[in-house]
Amino acid sequence: MDTNPSPSEAKLIQQARQGSADAFAALVDQHQMFVYNLALRTLGSPDDAADAAQEAFVRAWLALPNFREQSSLRTWLYRITLNLCLNRVPRLRRQINELTSDEALDLPEPQSAAFDPAASLETRQRRALIHAEIDRLPEQYRLLVTLRYQDDLAYEEIAGLLNIPVSAVKTGLFRAKGRLRQALIGLNVYEEQFV
Amino acid sequence: MKQTPSDWLEDGLETYPIAVPPPDLSARILRSVRQSQGSRAFAPARFRLTWMDYALGLLSLVVTGLVVFLLPLLPPIFWLRLRFAWLLLQSPSMQPVLLSLAVGGALLAGLALAGLLAALAQMNRRTLWPQ
């Protein structure tokens with residue numbers, strides 16, 4: 001994620017830092033969806049996620065004079081949101097730290113055989129199944145998937161946010177995909193490729 | 001175009017939808033922000049009792065209770081010895097000891113006060129979340 005804010009965002013940050021609630025409101029509009037999404041994927045409950053997002057923005061407002069723009073505003077907001085979520089779900093910190101000691105699963109690589117669209121599930125149905133399985137992943141894996149695929153963060157950025165090694169991020173994502181693959185095999189989505 | 005199961009999985013991950021926040025979230029946030037506007041110049045941590053507070057409270061209660069209940073039970077000889085020690089402390093030969101104690105106490109109090117002030121200054125200066 002680019003740490004340099006766009007000129008308009010930089011101006012809004014500057015104005016908000018000087019006390020402009022309207023400028024901060026514009027920043028809230030720009031970032032609330034991502035903050036809420038991160039909280040929801042971490043906490044699992046829409047009500048808890050809305051509370052966490054609200055608290056994250058209030059804390060951001062209070063701490064904005066100290067924001068030194070060494071990271072992007074969104075990354076900074078993510079850090080605040082994650083800290084709040086980790087406070088609410090203390091076991092998540094342990095689960096994230098345990099990623100470091102995880103060993104990579106010895107999963108069979110999917111074959112690259114030709115795919116017959118006519119014999120497969122419709123793309124939309126397949127996506128819906130995968131999305132449902134992502135929702136069922138343990139919190140630490142869902143968090144990694146959210147940061148990597150929804151927020152498009154680099155491995156290094158995720159590692160920095162979660163304060164874990166880059167290798168743990170890669171292992172975690174590998175395991176998340178492994179779990180998804182196994183779940184989808186169970187649902188016969190991969191049936192034709194693996195059987 | 002031919003696709004593999006890995007492609008399906010990547011496709012599913014990349015199309016995982018971003019959740020839409022409730023429509024009133026923005027208004028809720030801004031209401032909270034406006035309420036906290038006055039406290040922005042000095043943003044103290046939210047008051048919250050921890051287990052340590054309860055433990056210290058319990059300890060204080062127990063110690064106070066023990067003092068209240070045990071003092072009347074002390075034998076009269078204890079009070080006589082205490083008065084004797086007090087008189088002894090007031091004698092001229094004990095002046096250097098008293099002076100040393102006073103200087104040492106003042107030094108410790110000064111160090112504690114300096115530490116407290118440094119901690120307060122650090123709290124005001126620090127960024128709540130590292131960048």
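This is a chat about a predicted model with chains A and B.

Trainee: What should I know before I start?

Mentor: It's a predicted model, where local features need pLDDT of at least 70, side-chain atom pairs count only at pLDDT 80 or more, and totals for chains, interfaces and linings use all residues. Residues are numbered from 1 along each chain as its sequence is written, chains are lettered from A and ligands numbered from 1 in the order in which they are written, and side-chain values use heavy atoms, with hydrogens and water left out.

Trainee: OK, how many helices and strands does chain A have?

Mentor: Ten helices and zero strands. Those are DSSP runs numbered from the N terminus: helices are H or I with at least four residues, strands are E with at least two.

Trainee: And chain B?

Mentor: Chain B has five helices and zero strands.

Trainee: What share of chain A's residues is buried?

Mentor: 52% of its 195 residues. Buried means under 20% relative accessible area with a 1.4 Å probe, protein chains only. For chain B, with 131 residues, the buried share is 17%.

Trainee: How much surface does chain B expose?

Mentor: About 10,200 Å², with 73% supplied by carbon and sulfur atoms. Chain A has an accessible surface of about 9,000 Å², and 46% of that belongs to carbon and sulfur. These areas come from the Shrake-Rupley method with a 1.4 Å probe; for residues, only the protein chains shown count as cover.

Trainee: New topic: how many cavities of 30 Å³ or more are there?

Mentor: One. About 40 Å³ of space lies in the largest cavity. On a 1 Å grid over the protein atoms alone, a cavity is a set of points where a 1.4 Å probe fits but cannot get out, and lining residues have an atom within 4 Å of a point. Points are joined across faces, edges and corners, and the volume is the space filled by probe spheres set on them.

Trainee: Which residues line the largest cavity?

Mentor: Among them are A:Phe24, A:Leu27, A:His31, A:Phe57 and A:Trp76. The elements giving two or more residues to that lining are α2 (21-43), α3 (46-63) and α4 (73-88) of chain A.

Trainee: Is A:Leu27 buried or exposed?

Mentor: Buried, because its relative accessible area is 2%. A:Leu27 sits in helix α2 of chain A.

Trainee: What does A:Leu27 touch?

Mentor: Leaving out residues up to four places away in sequence, A:Leu27 touches A:Glu9, A:Leu12, A:Ile13, A:Ala16 and A:Leu73. Contact means heavy atoms within 4.5 Å.

Methods:
1 Å grid on protein atoms, 1.4 Å probe; cavity = no way out; pocket = protein on both sides within 12 Å on 5 of 7 lines; lining within 4 Å. Buried < 20%, exposed > 50% of the residue type's maximum accessible area, 1.4 Å probe, protein only.
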